[in-house]
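Please open the structure in a viewer and keep the sequence panel visible. The tour below proceeds by selection, and each stop states what is to be found there.

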Amino acid sequence: MTRTRIPNLGGARAFVLHRPHPTVQAITRQLSAIGLNTVDCWPELPAEALAADFVFFDADLGFDEQFPWKPGEAPMPLVALIGSEAPGRIEWALSHKADAQLLKPVGNAGVYSALLIARQSFEARKHLASEIAALRQRVAERQTIVRAVEALSKGAEDGRAYAQLRSLAMSWQISIEEAARRIVAMTDKEGSDDQSHRA
């Protein structure tokens, strides 16, 4: 079993996007006890919320235009405040990729665990997104290498063309991927020059 280190949340900043309501007071009380600085706002998040550590938002009366980012692209962990279990409202909260939830009415507990779950979920989602981006980049680089090998082979076998690509990368003192990009760029330029001469 992997142990998760509990982060120190003291000094973190949380925005609570909810109309004035006892729910906001209950959340603010708990956040203050944990050591967070809170900012209440309604009906939309101010620009400085982009630097927040957490955002709590009302899933019952919320709408896309309240946020200064596109749905699902929040730069911090989100906690949905859910009072209505109407499927449309839950679906909307999910479209914003809420990392945790608190059921309303909020009592004297629950905020701390919501913060920890939201932080963990957000970090896992960010890590996964960066892994996917890295894999996509590697796939794109492989396709570039294949194109470079094809350009170098000109009827010869691919093994010899790949060895030539490696040799070029070493002589240019760059990575094989960068060498492949140069070969492909030169090939594309030659192709466009040929077409302009024909025209």
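Rings of Phe, Tyr and Trp (for Trp, the six-membered ring) form a pair if their centres lie within 6.5 Å; planes under 30 degrees apart count as stacked, those over 60 as edge-to-face and the rest as tilted. By this rule, the model, which is a predicted one, contains four aromatic pairs.

**First stop: the aromatic rings**

Select Phe-67 and Trp-92. The ring centres of Phe-67 and Trp-92 are 6.2 Å apart and the planes stand at 35°, so this pair is classed as tilted. Phe-67 belongs to the loop between β3 and β4, whereas Trp-92 belongs to helix α2 (residues 87–95), so the pair ties together parts that lie 25 residues apart in sequence.

Are these two residues buried or exposed? Phe-67 has a relative accessible area of 6% and is buried. Trp-92, at 11% relative accessibility, also counts as buried because the cut-off is under 20%.

Extend the selection to Phe-57 and Trp-69. Together with Phe-67 and Trp-92, these residues form a cluster linked by ring pairs.

**Second stop: the sheet**

Next, display the strands. Five of them form an open sheet, in the order β2-β1-β3-β4-β5, with parallel pairing. At the edges are β2 and β5 (100–103), each of which pairs on one side only. On average, neighbouring strands of this sheet are turned by 20° against each other, direction ignored.

Select strand β1, residues 13–17. Four of the five residues of β1 are buried, and the strand is thus mostly covered. Which strands pair with β1? One is β2 (residues 37–41), which pairs with β1 in the parallel sense over five bridges. To locate this pairing, select Ala-14, whose bridge partner in β2 is Thr-38. The other is β3 (residues 54–58), which runs parallel to β1 and is joined to β1 by four bridges. Here the residue to select is Leu-17, whose bridge partner in β3 is Phe-57. Phe-57 has already appeared on this tour as one of the members of the aromatic cluster.

Now add helix α1, residues 22–34, to the view. With β1 and β2, helix α1 makes a β-α-β unit, and the unit is right-handed.

**Third stop: helix α3 and Phe-122**

Select helix α3, residues 111–153. Helix α3 lies across β3, β4 (78–82) and β5, and runs at about 160° to β5.

Within helix α3, select Phe-122. Its relative accessible area is 6%, and the residue is buried. What is Phe-122 in contact with, leaving aside its neighbours within four places in sequence? The contacts are Ala-74, Pro-75, Met-76, Pro-77 and Asp-99. For a sense of distance, add Lys-154: from C-alpha to C-alpha, Phe-122 and Lys-154 are 49 Å apart in space, with their positions 32 residues apart in sequence.

**Fourth stop: the salt bridges**

The structure holds eight salt bridges. Begin with Lys-126 and Glu-123, whose side chains meet at 3.9 Å, N to O. Both residues lie in helix α3, three residues apart, about one turn of the helix. Lys-126 is partly exposed, with a relative accessible area of 45%, and Glu-123 is partly exposed as well, with 38%.

Then select Arg-181 and Glu-141. This salt bridge has its closest N and O atoms 3.7 Å apart. It links distant parts of the chain, since Arg-181 is in helix α5 (residues 176–198) and Glu-141 is in helix α3, 40 residues apart. Arg-181 is partly exposed, with a relative accessible area of 36%.

A further salt bridge to select is formed by the side chains of Asp-188 and Arg-147, at 2.9 Å, N to O. Asp-188 lies in helix α5 and Arg-147 in helix α3, so this pair ties together parts that are 41 residues apart in sequence. Asp-188 has a relative accessible area of 41% and is partly exposed; Arg-147, at 43% relative accessibility, counts as partly exposed too.

Finally, select Arg-19, Asp-58, Asp-60 and Lys-104. These four residues are linked in a network of salt bridges.

Key
Residues numbered from 1 in each chain as written. Predicted model: local features only at pLDDT ≥ 70, side-chain atom pairs only at ≥ 80, totals over all residues. Heavy atoms only, no water. Buried < 20%, exposed > 50% of the residue type's maximum accessible area, 1.4 Å probe, protein only. Helix = DSSP H or I, 4+ residues; strand = E, 2+ residues; numbered from the N terminus. Pairing = 2+ DSSP bridges. Right-handed = clockwise from strand over helix to strand, strands pointing away. Axes fitted to C-alpha atoms, helices over the stretch in contact; angles between N-to-C directions. Contact = heavy atoms within 4.5 Å.
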